[in-house]
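Colleague: I would like to learn how to read a model like this one. Please take the features in turn.

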Amino acid sequence: AEKHAGVSCVTASMDDIQFEEAARVGQIITIKAKVNRAFKTSMEVGIKVTVQDILTNVEKIVSVAYATYVAKPVGAGKIQLEPVKLLSTEDHLEHTLAIERRRIRLGYEQVFQNLMKESNKEGDYYIIEEEDAVSTDLTHVQSIELVQPPHANHHGNTFGGQIMAWMETVASISASRLCRSYPVLKSVNMFKFWGPSIVGDRLVFNAIVNNTFQNSVEVGVHVEAYNCEEWIKDQARHINSAFLIFNTVNEKGELLTFPRIKP
């Protein structure tokens with residue numbers, strides 16, 4: 001992203017990430033990234049992750065993701081980006097699909113904003129009264145992390161991947177309280193950066209199970225940041241949110257069923 005913009009860039013959002021394969025210790029990871037399209041002041045970067053087993057030499061796709069970056073201005077105002085030079089048939093295809101992914105992403109946000117407005121209105125709520133339903137209170141997990149230099153890039157901003165790793169950890173603990181097993185992450189949905197965090201910030205992660213769907217569970221994670229002054233005054237900055245989908249398997253590799261939850 002920085003190579004294309006010629007200046008520093010920051011991540012604005014990630015499209016939904018699906019995990020097709022698990023990467024394990026001793027395997028070789030290959031990560032390829034390229035700018036698919038520039039949209040005036042933002043750009044889409046496609047990221048492909050593959051894993052290779054050194055014993056069998058078999059290569060499999062771990063994940064394909066699309067990140068949106070914006071150029072970080074030196075002064076005031078936004079930086080206008082140059083169009084991407086398309087060299088191959090694949091480049092042309094990704095360039096066309098990028099505009100569709102952007103349209104879907106913006107549509108996502110509008111749909112959820114409308115849903116949130118509707119949920120704020122007084123109305124009837126259906127409470128699950130099944131005897132075996134598990135209260136979501138039991139799945140609430142909170143974690144606090146201090147951003148240190150190894151967690152940040154050369155601008156002092158926290159790595160998006162580091163935040164995602166912390167989010168996965170707290171979400172996995174939340175999901176495990178339902179299945180009493182080790183959940184496997186299958187996808188990360190609507191991972192959005194609402195604001196930056198820097199070295200020295202305290203990050204507070206709150207995770208809770210939103211719902212279960214037979215063989216999968218959705219965990220919502222909300223991330224807030226505080227500097228020293230904000231910490232004392234209890235003035236939080238909402239910097240990230242995401243929805244993580246997990247499933248769990250037994251020793252035979254069969255999917256296990258999650259219990260119903262009671263909101």
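**Salt bridges and the long helix**

Modeller: Start with a pair of charges: Asp15 and Arg105 form a salt bridge, with their closest N and O atoms 3.0 Å apart. Asp15 sits in the loop between β1 and β2 (17-19) and Arg105 in helix α2, so this pair ties together parts 90 residues apart in sequence. Keep in mind that this is a predicted model.

Colleague: Is Asp15 buried or exposed? And is Arg105 buried or exposed?

Modeller: Buried means under 20% relative accessible area. Asp15 has 12%, so Asp15 is buried. Arg105 has 14% and therefore counts as buried too.

Colleague: Which residues does the salt bridge of Lys60 join?

Modeller: Lys60 pairs with Glu21, at 3.8 Å from N to O. Glu21 is in the loop between β2 and β3 and Lys60 in strand β5, so the bridge ties together parts 39 residues apart in sequence. Here the partners are partly exposed: Glu21 has a relative accessible area of 27%, and Lys60 has 42%.

Colleague: Which residue forms a salt bridge with Asp201?

Modeller: Arg237 does, and the closest N and O atoms are 2.9 Å apart. This pair links distant parts of the chain, 36 residues apart: Asp201 is in the loop between β8 (184-193) and β9 (202-213), Arg237 in strand β11 (residues 237-247). Asp201 is buried at 3%, whereas Arg237 is partly exposed at 25%.

Colleague: Which residues are joined into one network by salt bridges that share partners?

Modeller: Glu44, Glu94 and Arg101 are. The count for the model comes to nine salt bridges.

Colleague: How should I read a helix such as α2?

Modeller: An α-helix has 3.6 residues a turn, so residues three or four places apart point the same way. Look for that spacing when you list what is buried. In α2 the buried residues are Asp91, Glu94, His95, Ala98, Arg101 and Arg105. They pack against β1 (9-14), β3 (28-39), β4 (42-52) and β5 (59-71). As for length, α2 has 31 residues and reaches 45 Å from its first C-alpha to its last, close to the 45 Å expected at 1.5 Å a residue.

Colleague: Which residues form the nonpolar patch on the surface?

Modeller: Ile104, Tyr108, Val111, Phe112 and Leu115 form it, with about 440 Å² of accessible area together. Phe112 belongs to helix α2 (residues 89-119). With a relative accessible area of 34%, Phe112 is partly exposed.

Colleague: How do I read the surroundings of a single residue?

Modeller: Take its accessibility together with its contacts, leaving out close neighbours in sequence. Thr139, in the loop between β6 (134-135) and β7 (141-146), is buried at 1%. Beyond four places in sequence, Thr139 touches Ser174, Arg177, Leu178, Ala207, Ile208 and Val209. Val70 in strand β5 is partly exposed at 28%. Counted likewise, Val70 contacts Ser8, Cys9, Val10, Ala12, Thr41 and Ser42.

Colleague: And the chain as a whole: what is its radius of gyration?

Modeller: The radius of gyration is 20 Å, which agrees with the value near 18 Å for a compact globule of 263 residues. The secondary structure comes to four helices and twelve strands. Buried residues make up 36% of the chain. Among contacts between residues at least 6 apart in sequence, 70% join residues at least 24 apart. The chain exposes about 16,100 Å², and carbon and sulfur atoms supply 54% of that.

Definitions and conventions:
Residues numbered from 1 in each chain as written. Predicted model: local features only at pLDDT ≥ 70, side-chain atom pairs only at ≥ 80, totals over all residues. Heavy atoms only, no water. Patch = residues over 30% accessible without salt bridge, like charges linked within 9 Å, V, L, I, M, F, W, Y side chains within 5 Å. Areas by Shrake-Rupley, 256 points an atom, 1.4 Å probe, with all protein chains shown as cover. Salt bridge = Lys/Arg side-chain N within 4 Å of Asp/Glu carboxyl O. Helix = DSSP H or I, 4+ residues; strand = E, 2+ residues; numbered from the N terminus. Buried < 20%, exposed > 50% of the residue type's maximum accessible area, 1.4 Å probe, protein only. Rg over C-alpha atoms; globule rule 2.2 N^0.38 Å. Contact = heavy atoms within 4.5 Å. Expected span 1.5 Å × (residues − 1).
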